[in-house]
Amino acid sequence: MSSGFNAFQYEIYLGGVVGETPDLPMDEPTMRERAREVLPPEAFGYVAGSASSESTEAANRRAFDRWRLRPRMLTDVDTRDLSVELFGRTLPAPLLLAPIGVQGILHDEAEVATARGAATLGVPTVLSTVSSYTIEDVAEAAGDTPNWFQLYWPTEDAVTDSLLQRAADAGYDAVVVTMDTRMLAWRPRDLHAAYLPFLHGKGLANYRSDPAFTAGLDENAEDPEQAIIMRWASIFGDPTQTWSMLADLVQRSPLPVLVKGVQHPDDARLAVDAGVSGMVVSNHGGRQVDGAMGALEALPGVVDEVGDEVPVLFDSGVRTGADIAVAVALGARAVLLGRPYAWGLAVAGADGVRHVLRCILADFELTMALSGATTCAELDRDLLVRDEGA
Ligand SMILES: Cc1cc2nc3c(=O)[nH]c(=O)nc-3n(C[C@H](O)[C@H](O)[C@H](O)COP(=O)(O)O)c2cc1C
């Protein structure tokens with residue numbers, strides 16, 4: 001039996017026979033423009049923006065342009081299976097939703113809508129620490145679909161341990177520790193608008209609802225909301241954290257730990273030495289280190305270093321089905337989709353997230369089949385060529 005994501009195209013074409021065209025855009029650039037129309041400018045800028053010159057985000061796309069598929073012909077591709085195994089669960093395709101914080105600035109139902117939309121297709125969500133709904137609310141929305149929790153690793157162990165325990169109790173399958181955001185980068189779009197949503201009290205649901213966090217609040221504070229925001233700002237990130245502290249965190253964690261933000265093969269090795277169960281090669285969509293290499297350029301080196309030992313996942317710049325195919329062919333077990341689903345959420349809530357996923361999954365299944373592959377395992381480096389001129 002084939003995965004069948006490709007059938008979405010026939011649903012659309014058949015609609016055309018009775019005069020219907022899709023309400024929602026079929027590609028990322030058009031969905032992004034629709035989101036721009038419906039969002040307040042500062043919210044659009046927060047999602048669209050990257051660090052400083054935004055050259056890292058451009059490099060992410062250039063890195064994809066440099067890898068081209070070299071399709072094979074006349075193999076039997078009628079039966080296709082896109083599924084992959086991760087941490088004992090079967091995913092319908094090598095795709096998860098990347099953690100995107102503070103989704104309440106995009107849609108009232110925020111992360112709950114995202115998890116619900118993705119769950120209709122069995123696609124896992126990685127919930128950000130800085131979310132507009134709690135760990136528990138989003139677990140309920142995801143239902144039986146696997147989901148992971150992303151940790152912005154705070155300065156206080158009591159808060160860290162409490163967040164991880166809540167994620168384990170709520171049924172999350174893994175925790176993704178983001179290593180690249182121990183402080184926020186220089187982000188001109190947000191600076192121009194003097195806009196950081198957290199300082200307006202947004203995206204703090206997991207902190208407000210956390211007993212270890214609230215235990216540290218000053219009960220006599222004149223302005224309780226301001227006290228929450230200031231305590232959040234003081235514990236959010238910790239520039240003193242090191243690999244040995246990560247080893248300790250892995251020991252304490254009730255869930256398998258992946259790290260996110262790996263680019264250097266030596267860091268991949270240090271992460272494995274610290275005991276992680278997996279990692280995400282990512283440059284945070286170009287939002288942290290300006291002038292960094294395109295994230296896809298970092299993937300082969302990390303896969304070659306540790307890919308036989310732990311699953312290596314990838315994000316930063318994934319926009320189409322071919323992008324998924326290329327990343328998987330370079331050794332990614334799965335990819336995380338970022339900004340494209342945020343635009344879908346802004347435009348149409350849970351339906352928008354589902355629509356974006358149906359589009360990219362159909363595109364991926366067709367690209368894979370047309371390239372002569374029927375399983376993700378058949379996507380390998382033999383299917384790729386470099387285009388250095390791109
Ligand atoms: C608006 C926005 C918010 C994000 N919030 C988080 C977050 O809370 N935690 C995290 O680990 N990564 C966060 N990321 C990074 C994403 O998880 C992912 O690495 C990135 O979006 C990939 O780049 P792309 O969207 O350009 O493909 C965020 C990205 C964006 C665009």
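Biologist: Which residues come nearest to the ligand?

Modeller: Of the 23 residues around the ligand, those are Pro99, Ser128, Thr178, Arg319 and Arg339; a residue counts as near if one of its heavy atoms lies within 4 Å. This is a predicted model, in which local features need pLDDT of at least 70 and side-chain atom pairs pLDDT 80 or more, while totals for chains, interfaces and linings use all residues. Residues are numbered from 1 along each chain as its sequence is written, and side-chain values use heavy atoms, without hydrogens and water.

Biologist: What makes the approach of Thr178 to the ligand a polar contact?

Modeller: A polar contact is a pair of N or O atoms within 3.5 Å. A polar side-chain atom of Thr178 lies 2.7 Å from a ligand oxygen atom, so the pair meets that limit. An N or O atom in the side chain of Lys260 is 2.9 Å from a ligand nitrogen atom, and therefore qualifies as well.

Biologist: Why is strand β7 called mostly covered?

Modeller: Buried means under 20% relative accessible area, exposed over 50%, and partly exposed in between (1.4 Å probe, protein chains only). Five of the five residues in β7 (residues 174-178) are buried, so the strand is described in that way. Strands are DSSP runs of E with at least two residues, numbered from the N terminus.

Biologist: How do you know that β7 pairs with β6 and with β8?

Modeller: Pairing requires at least two DSSP bridges between two strands. Four bridges join β6 (residues 147-151) to β7 in parallel, and four link β7 to β8 (residues 257-262), also parallel; both therefore satisfy the criterion.

How values were computed: A polar contact is a pair of N or O atoms within 3.5 Å; within protein, one must be able to donate a hydrogen and the other to accept it, and residues adjacent in sequence count only if both atoms are side-chain atoms.
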